[in-house]
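Q: I would like a close look at a single part of this chain. Please examine one helix together with its surroundings, and set out the description as one connected account.

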Amino acid sequence: MRPVFSGIFVLLLFMQFTLRGQIEEDKALHFAAGAVSGAAGALIASKISKRNRFWTVTGSVAASLIAGLAKEAIDKGNGGKWDNGDLAATVLGGVTVGVSIELFSKKSGKYYVKRKKTAKKRKKNDKLMALY
């Protein structure tokens, strides 16, 4: 059984190296820009909506869409061509951030819950304050 898993692992490892070369560097940069702008949009939407889950994810996607549209408009204005693939990569970065926030945040109904300090952190802070 173990050789089967080893063989599958090696196969997947080689597939990764061949697939990596097929993604253009430009698309990876658009994805990263979408992730950064999506994180900023999610933060702003979360603050405005008082941590509403729907608006946080929507803010992430909307910010990355606006960033992608702006970049493609600048490219078009500078004599380049409009590339829907670049726009899709940018929006995909924002969607990835939005979904990650949704999956890894503590939730209560339709709102995110602010995490409380753990007892260990409180105890550490109390010790530090006792030194003063």
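Which residue with a positive phi follows α2? Please begin there, and then describe the helix and its packing.

A: The model is a predicted one. The residue in question is lysine 50, which follows α2 and has a phi near 55 degrees. Lysine 50 is not a glycine, yet its phi is positive. This residue belongs to the loop that links α2 and α3, and it counts as exposed because its relative accessibility is 67%.

Two further residues of this loop deserve mention. Arginine 51 is located in the loop between α2 and α3 and, although not a glycine, also has a positive phi, of about 70 degrees. With a relative accessible area of 31%, arginine 51 is partly exposed. Asparagine 52 lies in the loop between α2 and α3 as well, but it is buried, at 9% relative accessibility. The C-alpha of asparagine 52 is 9.7 Å from that of lysine 107, a residue 55 positions away in sequence.

The helix that precedes this loop spans residues 25-48. Its 24 residues extend over 35 Å between the first and last C-alpha, close to the 34 Å expected at 1.5 Å a residue. As for its setting, the chain contains five helices and two strands, and the order of elements from the N terminus is α-α-α-α-β-β-α. Of the 132 residues in the chain, 22% are buried. Where contacts join residues at least 6 apart in sequence, 62% of them link residues at least 24 apart.

The buried residues of α2 are Lys27, His30, Gly34, Ala35, Ser37, Gly38, Gly41, Ala42, Ala45 and Ser46. An α-helix has 3.6 residues a turn, so residues three or four places apart point the same way. The partners against which the buried residues of α2 pack are α3 (53-77) and α4 (84-104).

The packing against α3 may be taken first. The axes of α2 and α3 are 7 Å apart, and the helices pack at an angle of about 135 degrees. The two helices are therefore oblique to each other, and α2 passes α3 in a right-handed crossing. On the α2 side, the contact is made by His30, Gly34, Ser37, Gly38, Gly41, Ala42, Ala45 and Ser46. Facing them from α3 are Trp55, Thr56, Gly59, Ser60, Ala63, Ser64, Ala67, Lys71 and Glu72. By class, the contact of α2 with α3 comprises five nonpolar, ten polar and two charged residues.

The second partner is α4. Here the axes come within 7 Å and cross at roughly 45 degrees, which makes α2 oblique to α4. The crossing of α2 and α4 is right-handed. From α2, the residues involved are Asp26, Lys27, His30, Phe31, Gly34, Ala35, Gly38, Ala39 and Ala42. They meet Gly85, Asp86, Ala89, Thr90, Leu92, Gly93, Gly94, Thr96, Val97 and Ile101 of α4. The contact of α2 with α4 holds eight nonpolar, eight polar and three charged residues.

Some α2 residues take part in both contacts. His30, Gly34, Gly38 and Ala42 are among the residues that touch α3, and these four are also among those that meet α4. His30, Gly34, Gly38 and Ala42 are likewise among the buried residues of the helix.

The two partners of α2 also pack against each other. The axes of α3 and α4 come within 8 Å and cross at roughly 160 degrees, so that α3 is roughly antiparallel to α4. The crossing of α3 past α4 is right-handed. The α3 residues in this contact are Arg53, Thr56, Val57, Ser60, Val61, Ser64, Leu65, Ala67, Gly68, Leu69 and Glu72. Their counterparts in α4 are Asp86, Leu87, Thr90, Val91, Gly94, Val95, Val97, Gly98, Ile101 and Glu102. This contact of α3 with α4 divides into ten nonpolar, seven polar and four charged residues.

One residue of α3 completes the picture. Alanine 62 lies in helix α3 and counts as partly exposed, at 32% relative accessibility. Its C-alpha is separated by 8.2 Å from that of valine 91, although the two residues are 29 apart along the chain.

Methods. Residues numbered from 1 in each chain as written. Predicted model: local features only at pLDDT ≥ 70, side-chain atom pairs only at ≥ 80, totals over all residues. Heavy atoms only, no water. Expected span 1.5 Å × (residues − 1). Buried < 20%, exposed > 50% of the residue type's maximum accessible area, 1.4 Å probe, protein only. Contact = heavy atoms within 4.5 Å. Axes fitted to C-alpha atoms, helices over the stretch in contact; angles between N-to-C directions. Parallel < 35°, antiparallel > 145°, perpendicular 65-115°, else oblique. Left-handed = near helix turned anticlockwise from the far one by under 90°. Nonpolar A, V, L, I, M, F, W, Y, C, P; charged D, E, K, R; others polar.
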